[in-house]
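Please open the structure in your viewer and keep the sequence panel beside it, since this tour moves from one selection to the next. At each stop you will be told what to select and what is to be found there.

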Amino acid sequence: MTTPEDRDEQIDQQNASAFDEHFIEDGEEQPVKRQAAPGLVSVLRLSLLLTAVLAVLVAIVGGLIGWSVAGWNGVLSALVGAALTLAFAAITAGSLWLGSRQGGISFLAIVLGGWIVKIIVFIGLLALITSAPFIVKGVLFGSIVAAVLGSLAADSFAAMRAKVPYVDDPQ
């Protein structure tokens, strides 16, 4: 039977060995290998899954509406809108995952940089796509708005369903 003192001693030894792993013999720091928090990874997976399902639904419903409004050009416009939304949601999830692996100020730089790149690329793609002859602007706009609002709802749902502890487990 272990006593509380024995458990405290085991924890101290584990902490000391974990501390020693991060430093080399001459005192220089080793880079710490970080992993994304499991709770965050599960939230991002659920969010991406729900967003992908939503993008398929927007492509189908938007395609039907686009077909009734403008034929094949309307269908293509709805597909482009749904694909753009899915791609940008994946970039957001990827930047959050990568940033969480870095931690600290690097997290903020990666996530903010991802948002800035997304905004610039989105504006550029919209300028390029809207000048294409097969794009029906109303269908494209409607599918993007529906997919973005649905993606926000999917992100919110995934975050609310997350079971993330308030403190990290000691390692």
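The tour begins with the whole chain, then turns to a buried residue, a pocket and a surface patch.

**The whole chain**

Before selecting anything, bear in mind that what you see is a predicted model. Colour the chain by secondary structure, and you should find 5 helices and 0 strands, which follow one another along the sequence in the pattern α-α-α-α-α. Of the 171 residues in the protein, 26% are buried. If you turn on a surface display, the accessible surface comes to about 12000 Å², and carbon and sulfur atoms account for 68% of that area. Among the contacts with a separation of 6 or more, 71% are between residues 24 or more positions apart.

**A buried alanine**

Next, select Ala82, which lies in helix H3. Is Ala82 buried or exposed? Its relative accessibility is 4%, and because the limit for a buried residue is under 20%, Ala82 counts as buried. Now show what surrounds Ala82: leaving aside the neighbours within four places in sequence, the residues in contact with Ala82 are Ala55, Val58, Ala59 and Ser143. You may also draw a distance from Ala82 to Ala52, a residue 30 positions away along the chain, and the two C-alpha atoms will prove to be separated by 9.1 Å.

**The second largest pocket**

From there, select Phe88, Ala89, Thr92, Trp115 and Lys118, which of the 23 residues lining the second largest pocket are those that lie nearest its centre. The space in the second largest pocket is about 560 Å³. Two or more lining residues come from each of H2, helix H3 (72–102), helix H4 (104–130) and helix H5 (137–161). Which of these elements gives the most to the lining? That element is H3, which contributes 7 residues to the lining of the second largest pocket.

**A nonpolar patch**

For the last stop, return to the surface display and select Val56, Ile60, Val61, Leu64, Ile65 and Val69, which form a nonpolar patch with about 570 Å² of accessible area together. Within this selection, pick out Val56, which is found in helix H2, the helix that covers residues 38–70. With a relative accessibility of 48%, Val56 counts as partly exposed, because that category lies between the buried limit of 20% and the exposed limit of 50%.

Terms used:
Residues numbered from 1 in each chain as written. Predicted model: local features only at pLDDT ≥ 70, side-chain atom pairs only at ≥ 80, totals over all residues. Heavy atoms only, no water. Patch = residues over 30% accessible without salt bridge, like charges linked within 9 Å, V, L, I, M, F, W, Y side chains within 5 Å. Areas by Shrake-Rupley, 256 points an atom, 1.4 Å probe, with all protein chains shown as cover. Salt bridge = Lys/Arg side-chain N within 4 Å of Asp/Glu carboxyl O. Helix = DSSP H or I, 4+ residues; strand = E, 2+ residues; numbered from the N terminus. Buried < 20%, exposed > 50% of the residue type's maximum accessible area, 1.4 Å probe, protein only. Contact = heavy atoms within 4.5 Å. 1 Å grid on protein atoms, 1.4 Å probe; cavity = no way out; pocket = protein on both sides within 12 Å on 5 of 7 lines; lining within 4 Å. Points joined across faces, edges and corners; volume = space filled by probe spheres on them.
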